[in-house]
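Reader: I have just opened this entry and would like some guidance. Could we go through it together?

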Amino acid sequence: MYSQNDFLLKEGILDSKEIRFFESVSVDMDDVTATLAVHQLSSYLYRYYGKKVIILLDEYDTPMQEAYVNGYWDELTGFIRNLFNSTFKTNPYLERAVMTGITRVSRESNFSDLNNLKVITTTSDEYADCFGFTEEEVFAALKEFDLADKQLSVKKWYDGFTFGTKTDIYNPWSIINYLDTGKLRTYWANTSSNSLIGKMVREGSRDIKQSFERLMAGEHLTVPVDEQIVYDMLDADESAIWSFLLASGYLKMIRVEEYEDIAFGTDALTCELAITNLEVKLMFGGMIHGWFARRMSDYNEFIKALIMDDLKAMNVYMNKVALGTFSYFDTGNKPSASEPERFYHGFVLGLMVELNDRYTITSNRESGFGRYDVMLEPKRPEDDAMILEFKVQDAEDEKELTDTVKAALEQIDKKSMRRI
């Protein structure tokens, strides 16, 4: 911003001290200079134009997301708080400001001392048709580009966003790129920072992964959603992932129930959620596929051995995949070695992505008198159905791995899983 307005140095409106400050603003400036930079530039522009400034800040919380993922949250939040205070609260040269982001500003600690905030969320009716293209606008654009016959395909890929009571909002970035190329691709998902989403799902508990399995299978999920989600909550409340995914556009709201009181006096909407559209589902598939990238050749060989009923090869490659990726599913205080479900259910999601064209895959569902770990139901008559029962060797009761296998088979018979 300073380089674009360096003409101010020649206008005679800055004193010597202000000139030195202006010239000190650079990529290697200290934190004090950085926190005051926008405030000071507002002052200079006000004096030159005689009008207060309007500040537009897009994706204000992207740096905070990166700080959360990469472990420098505390350092950044102190800086951001000072920057926002100087820029927005104590800036007499500010006419108004517009900020966009995922997390709601009123609860974020960085905004704790700001006032006069008007917050618009995904459930707000105000400006509901301004956050993307409406279906009428998209279909008109397709007609203008001689692509009217692609309406259903474009709707499947890029429709699905809901703001307030306004449905059928399309992703503008994806639509613009599709009109330019004429190709159905994951334009928006590829431009987003998916590191935090991947981390939350990958390191999530069995319940999180099972819920994600249901979403990937096309089912809906009914959960409490807190519109005031902040990054600090993601560690304390694992279910906050659904609020985050809704706010970031990766899930869409199918239905909203009345507010209900939840723990500690906060309010949450009970929402029925689904994956937003095909573009997002493919992004999730790529994310899950990437979990096994470091052992991808072994993982692919395991899939082949599974389909071909080659037990010896399955054992070899499963061990390689597990040993190579176990730690990838670790969280700071819950390593996969002590909670193997984190790996196994990540593994199930991988199976869903790889075998989606041939099998319907479910996990931990009721069957007979108990639960199976994973079931693969063939979509083609010529394929075999499969039940996978994961067992961790109990060193005290099972001296050999063959004892563990025997226990697993006895569990299948005991729980009448064979009757499926």
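Author: Certainly. This is a predicted model. One place to begin is Met-375, which stands opposite Ile-387 in β13.

Reader: Which strand pairs with β13 there, and over how many bridges?

Author: Strand β12, residues 374–378, pairs with β13 over 3 bridges, in the antiparallel sense.

Reader: What is the strand order of the open sheet that holds them?
Author: The order is β9-β12-β13, an open sheet of 3 strands with antiparallel pairing. At its edges are β9 (359–363) and β13 (386–388), each of which pairs on one side only. On average, neighbouring strands of this sheet are turned by 15 degrees against each other, direction ignored.

Reader: Turning to the sheet with β3, β5 and β4, what is the order there?
Author: That open sheet of 3 strands runs β3-β5-β4, and its pairing is antiparallel. Because β3 (133–134) and β4 (161–163) each have a single partner strand, they stand at the edges, and one side of each is left without a neighbour in the sheet.

Reader: How many bridges join β4 to β5?
Author: There are 2 bridges between β4 and β5 (residues 166–170), and the two strands run antiparallel. Phe-161 has Ile-169 in β5 as its bridge partner.

Reader: Now to a helix. Why is α12 largely enclosed by the rest of the structure?
Author: Helix α12 covers residues 240–247, and 7 of its 8 residues are buried, so it is largely enclosed by the rest of the structure. Among the buried residues are Trp-242, Phe-244 and Leu-245.

Reader: And which residue with a positive phi follows α12?
Author: Gly-249 follows α12, with a positive phi near 95 degrees.

Note on methods:
Residues are numbered from 1 along each chain as its sequence is written. This is a predicted model: local features need pLDDT of at least 70, side-chain atom pairs count only at pLDDT 80 or more; totals for chains, interfaces and linings use all residues. Side-chain values use heavy atoms; hydrogens and water are left out. Two strands pair if DSSP finds at least two bridges between them. Helices (H or I, at least four residues) and strands (E, at least two) are DSSP runs, numbered from the N terminus. Axes are lines fitted to C-alpha atoms, for helices over the stretch in contact, and angles run from 0 to 180 degrees between N-to-C directions. Buried means under 20% relative accessible area, exposed over 50%, partly exposed in between (1.4 Å probe, protein chains only).
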